[in-house]
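Colleague: Could you take me through this protein chain, please? I would like to begin with the overall picture and then turn to the strands.

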Amino acid sequence: MKSLLTAAALSVIAATTAFAEPAVGVWKTQVDDGAYAHVNMAPCGGSLCGVISRTFNNTGEYKSANIGKKLVWDMKSSGGGKYKNGQIWQPSTGKIYKSKMTLSGNTLKVSGCVGPICKKQTWTRVK
């Protein structure tokens, strides 16, 4: 009986892990205007959102006023590691871009456009 309960519990854990959002975790952005951030990506409602958790510049970690602010929101999974219909904020300009992301292993390609102006970054997984 004990082994049956253990097997059932492991099945539930495996099923939960299989349906976990693959882009959830902490991501390091590329340098923008001399600084970069760690972004904590997590589910928010039916979407994926990212909040700035740490900031760094050429002298190391520093306490930016942007810590705790949403950088990514409304990102919807479209399967196969692709996300679309999101928004992304660029702290150095204050602009908000329509955004999409593509996950490949420990790399997250993030792009966003405001009208004809588009920008891209490649983020790496921290954890």
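Modeller: What follows covers the basis of the model, its overall make-up and some strand pairings.
This is a predicted model, in which local features need pLDDT of at least 70, side-chain atom pairs count only at pLDDT 80 or more, and totals for chains, interfaces and linings use all residues. Residues are numbered from 1 along each chain as its sequence is written, and side-chain values use heavy atoms, with hydrogens and water left out.

Colleague: How many helices and strands are there in the protein chain?

Modeller: The protein chain has one helix and nine strands. Helices (H or I, at least four residues) and strands (E, at least two) are DSSP runs, numbered from the N terminus. Along the sequence, the pattern is α-β-β-β-β-β-β-β-β-β.

Colleague: And what share of the residues is buried?

Modeller: Of the 127 residues, 31% are buried, meaning under 20% relative accessible area (1.4 Å probe, protein chains only).

Colleague: On to pairing: which strand does β5 join over five bridges?

Modeller: Strand β6 (residues 82-90) pairs with β5 in the antiparallel sense. Two strands pair if DSSP finds at least two bridges between them. Lys-82 in β6 is the bridge partner of Gly-79.

Colleague: What lies between those two strands in the hairpin?

Modeller: Two residues lie between β5 and β6, and in this hairpin Gly-80 takes a positive phi near 65 degrees.

Colleague: How many bridges join β3 to β5?

Modeller: Three bridges join strand β3 (residues 47-57) to strand β5 (residues 70-79), and the two run antiparallel. Val-51 stands opposite Lys-70 in β5.

Key
Buried < 20%, exposed > 50% of the residue type's maximum accessible area, 1.4 Å probe, protein only.
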